[in-house]
Amino acid sequence: MGLSDSIAGAILTIDLAALVANYRRLQRAAAPAELAAVVKADAYGLGAAVVVPALLAAGCRHYFVAHLSEALAIRPLLPAGCPLYVLNGLAPGAAALCADSGIIPVLNSTSQIAGWRQLARARGAPLAAVLQVDSGMSRLGLSVSETELLAADDSFRQEVPLRAIMSHLACADDRKDPASEQQRQCFRQLAALFPGTPRSLANSAGCLLDAGFHFELARPGIALYGGDPQHPLDQPFQPVVRLDARIVQLRTVADGAGAGYGFSWRASGTRRLATLSVGYADGWLRSLSNRGAAYVHDIRAPIAGRVSMDSIIIDVTAVPEGQIAEGDLVELIGPNQRLDDVARDAGTISYEILTSLGRRYERRVLAFQEPANPETPGTIVETRT
């Protein structure tokens, strides 16, 4: 793999061509809706400074984050014409900074709305926002009665021009769950109180539902980064990350030998073990203890014992002797073990795996350059961060 010169315990490779391919697939799925990108949590852990420019080059013009602090970090990456939205809205006292920075809040409560309107009045100029309504998830957004009262307030429309009205799907990962249709119907009724306002409901999974869920603006997240938002999915999204961990020690143990803290694993017969330089401090979750695996030359090597802070032990008995050595890299996420496979083994979801990946990895970015001649293949350019 050409990685032997690295001194890092593991290599995290980010494939921007796959990211852009996923973006374009979602564009096709949600068309004619415009496609935004959710880049919160530092672009799901992959690095907004890497991800945002790639999406911008692919034509993405709308971006969502969770917190104002995230928006302030990302704003310099975007041209003035690209709207940047804060999903969690505004903390008390943050309205002026948000407005001065050209960032658009998603207003989720009557108190957030009151603060934003107060600032608009004080400045004598309207301040744009997105309005979130609760269509059934009971997490963020105005209730039905609050929405109806706000819609009847003509001065609100003058003080706060709405860029969009939005809500969020709770169960779209299960295509058969009737809750999504119930939410869609509720959202349509509430959005109709603000005629002419663009509507946004679909997340990644919502983009894969029928066109009635797409409205004018879709805002996928996990599917951009290679996670599958619905299961099962006939055509998985392209993997954007690969993780390879370094072997720091090899040993042979006798029948009955324990491995790791608490000796939760014991050898059944003579076994060969490899210790890898990755642990829960790197986001390799402790719930993978005795459940997860690595892949060595396409051979599954199960985790033996508990995941430690800085290391894991894998059973490499099935790998032919002489085909593995200290310093070699083995696959933790890659062609043999997708992101969703790791999440399944950890008893969690791909979102948590991605956003937990630590900062100690050497990060290598594969950037795809479009060819000058469309009849020739593009090129992959590798950089390190």
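Which residue is the bridge partner of Leu107 in β7? The legends below take up that pair and then visit other parts of this predicted model.

**Figure 1. The whole chain gives the setting for the close-ups.** This predicted model has twelve helices and 20 strands. Its C-alpha atoms fill a box of roughly 80 × 50 × 40 Å along the principal axes. Of the 385 residues, 51% count as buried. About 17,000 Å² is exposed, and carbon and sulfur atoms supply 52% of that area. If you like contact statistics, take the contacts between residues at least 6 apart in sequence: 64% of them join residues at least 24 apart.

**Figure 2. Leu107 of β6 meets its partner in β7.** The bridge partner of Leu107 in β7 is Leu131. Strand β6 covers residues 104–107 and strand β7 covers residues 129–132; the two run parallel and are joined by two bridges. Both belong to an open sheet of seven strands, ordered β3-β4-β5-β6-β7-β8-β9, with parallel pairing. At the edges of this sheet sit β3 (37–38) and β9 (199–200), each of which pairs on one side only. As a quick reminder, strands of a sheet pair through backbone hydrogen bonds, either parallel or antiparallel.

**Figure 3. Strands β11 and β18 show antiparallel pairing.** Here strand β11 (residues 241–253) is joined by four bridges to β18, and the two run antiparallel. One pair to look for is Asp244, whose bridge partner in β18 is Glu331. Strand β18 spans residues 329–333 and is mostly covered, with five of its five residues buried.

**Figure 4. Trp116 sits among many nonpolar neighbours.** The largest nonpolar core has 123 residues, and Trp116 is listed with Val39, Tyr63, Tyr225, Trp284 and Ile314 as having the most contacts inside it. Leaving aside residues up to four places away in sequence, Trp116 touches Leu90, Ala95, Cys98, Ala99, Ile103, Pro105, Leu107, Leu127, Ala128, Ala129 and Val160. Another core, of seven residues, lies apart from the largest one; among its members are Ala259, Trp265, Leu273 and Ala304. Leu107 from Figure 2 therefore turns up again here, as one of the residues that Trp116 touches.**Figure 5. Arg121 and Glu159 join two helices.** The closest N and O atoms of the Arg121–Glu159 salt bridge are 2.9 Å apart. Arg121 belongs to helix α6 (residues 110–123) and Glu159 to helix α8 (residues 154–159), so this salt bridge ties together parts that are 38 residues apart in sequence. Is Glu159 buried or exposed? With 14% relative accessibility, Glu159 counts as buried. The two residues also belong to a salt-bridge network that links Arg117, Arg121, Asp153 and Glu159. A search of the whole structure finds 15 salt bridges, and the next two views show further examples.

**Figure 6. Arg271 and Asp315 connect two strands.** In this salt bridge the closest N and O atoms are 3.0 Å apart. The pair links distant parts of the chain, with Arg271 in strand β14 (residues 271–276) and Asp315 in strand β17 (residues 312–315), 44 residues apart. Asp315 is buried, at a relative accessible area of 8%, whereas Arg271 counts as partly exposed at 25% relative accessibility.

**Figure 7. Arg360 and Asp310 bring two loops into the picture.** The closest N and O atoms of this salt bridge are 2.8 Å apart. Arg360 lies in the loop between α12 (350–356) and β19 (362–369), and Asp310 in the loop between β16 (299–302) and β17, so the pair ties together parts that are 50 residues apart in sequence. Both partners are partly exposed: Arg360 has 47% relative accessibility, and Asp310 has a relative accessible area of 38%.

**Figure 8. Cys82 and Cys171 are cysteines without a disulfide.** A disulfide is a covalent bond between the sulfur atoms of two cysteines. How many disulfides does a search of the whole structure find? The search finds zero. Cys82 is in no disulfide, and the nearest cysteine sulfur, that of Cys60, is 7.5 Å away. For Cys171, the closest cysteine sulfur is in Cys186, at 14 Å, which is too far for a bond. Cys82 is buried, with a relative accessible area of 1%, while Cys171 counts as partly exposed at 21% relative accessibility.

Technical notes:
Residues are numbered from 1 along each chain as its sequence is written. This is a predicted model: local features need pLDDT of at least 70, side-chain atom pairs count only at pLDDT 80 or more; totals for chains, interfaces and linings use all residues. Side-chain values use heavy atoms; hydrogens and water are left out. A nonpolar core is a set of buried Ala, Val, Leu, Ile, Met, Phe, Trp, Tyr and Cys residues joined through side-chain atoms within 4.5 Å. Buried means under 20% relative accessible area, exposed over 50%, partly exposed in between (1.4 Å probe, protein chains only). Contact means heavy atoms within 4.5 Å. Two strands pair if DSSP finds at least two bridges between them. A salt bridge is a side-chain nitrogen of Lys or Arg within 4 Å of a carboxyl oxygen of Asp or Glu. A disulfide is a pair of cysteine sulfur atoms within 2.5 Å. Accessible areas come from the Shrake-Rupley method with a 1.4 Å probe; for residues, only the protein chains shown count as cover.
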